[in-house]
Amino acid sequence: MYLKSLELSGFKSFAKKANLEFNAPVTAVVGPNGSGKSNVAEAFRFVLGEQSIKSMRGKRTEDLIFNGGESQPRANRAAVKLVFDNRKRLLNIDFDEVAIERVIHRDSLSEYFINGSAVRLRDIVELLAGAHIGSSGHHIISQGEADRILNSNSRERREMLEDALGLKIFQYKREESERKLEKTRENMEKVESLRKEIAPHLKFLKKQVEKVEKTIALREELKSVYREYLKRESLYLAETEKALAEEAAGPRRDLARLEHELSEAKKVLEASKHKDAKSSELMSLEAKLKSARESRDEVTRTIGRIEGEIGSLERMLARERATANTEAVTVEYSKVKGFVGRIEELLGDIEGAKDLGGVKAALAKIRESLKLFLESNKNTKAQDRAGELEKEIRLLKERKEEADKGAKDAEAELSKLSSAYASLQGDIEKEKDSSRDAEKSMFRIMAEENEIRGRLSVMAVREEKLRLEKVDFKREVEEGAVLIGRDVYLYESDTTEHAAEERSLQEERRKHIEKIKVRLEDSGGLSAGDVMKEFNETSERDEFLARELVDLEKSAASLTELIAELSEKLDTLFSDGIAKINKQFKEFFALMFGGGEASLAVVKEKKRKRGPSPEEIEEMGLEAMAEEEEETEVGVDIHVNLPRKKIKGLEMLSGGERALTSIALLFAISQVNPPPFIILDETDAALDEANSKKYGDMVESLSKHSQLIVITHNRETMSRAGVLYGVTMGREGFSKLLSIAFNEALAVAK
Ligand code: ATP
């Protein structure tokens with residue numbers, strides 16, 4: 001026995017606290033009409049969480065609260081408490097006694113309690129479902145409701161049976177899983193749309209990253225090419241310097257020796273007795289030649305320097321021009337607008353042109369405008385720098401022209417002096433006189449000196465060129481440090497190699513470097529750190545979302561599986577349960593009617609057609625249509641076959657027959673899956689004496705598995721009860737409850 005007691009206070013006609021103890025398998029509640037017996041049955045519904053006020057014969061919640069009687073003021077709250085013996089853990093909660101209570105006030109919603117702790121309705125419903133006490137109330141048969149199961153449609157009947165078979169708990173689980181699945185799908189959609197939102201940005205960032213990576217690679221390339229270039233250049237400079245020094249060493253030594261010899265010869269000549277006009281002419285000619293040569297050498301060096309500078313400036317100019325063509329520039333909107341306006345004007349001219357000549361003229365103007373626009377909007381800084389360089393080059397070229405003229409003059413002066421020198425030499429040579437030895441050796445020395453000076457002068461040009469190349473190199477190293485950082489100085493690390501290669505290769509390297517520089521400038525000032533950071537963050541987020549999607553898909557799959565399993569379980573349990581009920585139903589029916597046959601049939605009905613929505617058709621095509629076809633619903637039909645009568649339909653049964661059939665079915669259901677308690681409110685009202693006896697027998701046999709509370713006027717039924725409660729309503733207008741003996745009960749029996 002699971003039911004211990006029911007306490008009503010302020011509920012409907014029970015103004016004062018009334019307590020029913022259920023310490024017998026069958027408890028009968030008896031009393032005159034209108035005394036409040038049915039209110040007791042409703043109190044059960046109420047405390048078990050019934051939400052339909054109508055099923056408790058009220059319109060509003062307030063109707064459930066005692067409304068006042070002659071001497072009794074109305075109550076402000078109605079409370080019903082049902083106490084279970086839970087030693088066998090009927091309810092899945094760790095207490096030996098469980099009290100479920102529901103309270104309502106006139107101005108508020110229901111409150112629920114389990115053992116005094118406030119809980120939600122859901123907690124009550126779930127707790128009871130676990131104990132096979134369902135909300136459809138299959139175990140509470142209200143007055144006049146005995147044949148409810150016959151009156152209801154096949155779907156409602158199925159629900160009642162499911163509840164009676166204890167399938168509700170699986171249905172809750174399935175519904176919960178379906179809710180979860182729905183939620184999961186919503187989340188999946190959310191995640192998918194988030195990913196879709198991120199996708200273009202991620203794509204953009206990926207491109208940026210690729211650009212950054214390209215830039216990094218370009219920088220690396222630049223570093224290595226630059227270092228190679230500088231290494232080669234430094235080797236070339238060192239080797240050229242060394243070679244020049246070696247080459248010049250001999251002639252310089254010879255020149256020093258000749259200078260010495262010359263000064264010796266001069267000394268002799270000056271001191272000699274031969275000192276005559278020719279000798280002094282030779283002396284002065286020598287001095288003039290020397291200075292003429294020196295000034296020619298000076299001019300030659302100047303020319304070399306100017307040429308070197310021009311070369312270096314021209315290289316810089318090429319670079320600036322390249323920059324001017326590639327670097328991004330900002331053009332003022334008004335300027336662009338003006339330009340577009342001008343082009344439109346010219347296009348208008350074309351449209352309005354009368355002949356091909358007009359069109360051609362306008363086209364030429366357009367071309368001119370385009371060129372002008374491009375030219376005028378080139379990178380101005382680079383352009384300015386290029387302009388300055390051009391100016392410098394122009395100036396240098398002018399200076400070179402001057403120097404060239406100076407060189408020409410110097411050459412002319414030299415050749416004039418040389419021929420004077422030659423004729424003097426001829427004269428002196430003719431004098432086959434040893435006395436001219438000093439002069440002759442002077443000629444020899446001078447000739448030799450001339451030759452050596454010529455060589456040295458050529459070398460001086462080369463030296464000058466080298467000096468300029470060194471200056472360029474220094475500048476290139478500095479530039480390199482700006483471009484690729486301190487790493488640039490690493491070119492010095494290896495000095496064992498030789499620059500034994502064509503100079504043109506260095507020229508190519510230089511071009512290569514310029515190309516890389518232009519490409520680097522093209523790639524723009526992307527901040528590698530920022531781009532990488534944003535890309536990493538965004539792709540991490542995307543990966544996170546992808547993982548989440550996988551997780552959601554997994555849980556959707558397992559939920560779908562769980563739902564399918566539960567559905568299958570429900571199907572099997574349902575059909576097994578129906579088969580068992582059928583067996584009992586047949587027996588009880590035959591017992592009640594003394595023969596005949598009755599059975600339940602599971603039927604599949606097509607659900608009211610729900611056409612697929614246009615979106616569904618678009619998404620799933622014909623599948624949507626096919627699915628609609630499959631939407632069927634399971635119901636339960638009842639077939640009866642009375643003995644000796646040709647009645648088949650339920651509608652043709654008499655009131656008593658209906659009552660008997662439904663009692664047979666109710667009892668069959670209760671037999672198969674006995675609920676902890678059954679409340680029968682005047683279910684026996686329509687029975688004659690013979691059938692009352694059968695009913696009483698069945699009540700007794702049912703009470704072996706379920707506790708029974710019967711509200712009755714039937715003496716036979718009363719006789720089967722272990723405990724009897726009498727309900728009375730006096731003039732005060734509220735119900736009173738008292739425990740009575742069987743004899744007392746008979747007073748209200750029919
Ligand atoms: P019967 O044997 O005729 O079926 P019963 O004993 O089952 O009668 P109930 O239907 O349980 O009687 O009780 C109905 C009585 O309860 C009525 O007198 C009705 O006025 C009273 N009642 C119902 N709701 C309230 C309420 N909110 N306040 C006071 N009395 C109420």
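This is a short tour of a predicted model, from its ligand to a pair of helices. Residue numbers start from 1 along each chain as its sequence is written. Local features need pLDDT of at least 70, side-chain atom pairs count only at pLDDT 80 or more, totals for chains, interfaces and linings use all residues, and side-chain values use heavy atoms, with hydrogens and water left out.

**Stop one: the ligand**

Select the ligand and its surroundings: 19 residues surround it, each with a heavy atom within 4 Å. The closest are Gly34, Lys37, Ser38, Arg57 and Gln143. Colour the shell by class and you will find four nonpolar, ten polar and five charged residues (Ala, Val, Leu, Ile, Met, Phe, Trp, Tyr, Cys and Pro count as nonpolar, Asp, Glu, Lys and Arg as charged, and the others, Gly among them, as polar).

Next, pick helix H1, residues 37-47, which gives the most to this shell, with three residues (helices are DSSP runs of H or I, at least four residues, numbered from the N terminus).

**Stop two: ligand oxygens**

Now show side chains. A polar side-chain atom of Arg57 sits 2.7 Å from a ligand oxygen atom; for Asn33 the distance is 2.9 Å, and for His713 it is 3.3 Å.

**Stop three: H5 and H12**

Finally, select helix H5 (residues 168-271) and helix H12 (residues 528-593), whose axes come within 7 Å and cross at roughly 160° (axes are lines fitted to C-alpha atoms over the stretch in contact, with angles from 0 to 180 degrees between N-to-C directions). H5 is therefore roughly antiparallel to H12, the term for angles over 145 degrees. Their contact has 25 nonpolar, eleven polar and 15 charged residues.

Notes:
Polar contact = N/O pair within 3.5 Å; in protein donor to acceptor, adjacent residues only side chain to side chain. Helix = DSSP H or I, 4+ residues; strand = E, 2+ residues; numbered from the N terminus. Parallel < 35°, antiparallel > 145°, perpendicular 65-115°, else oblique.
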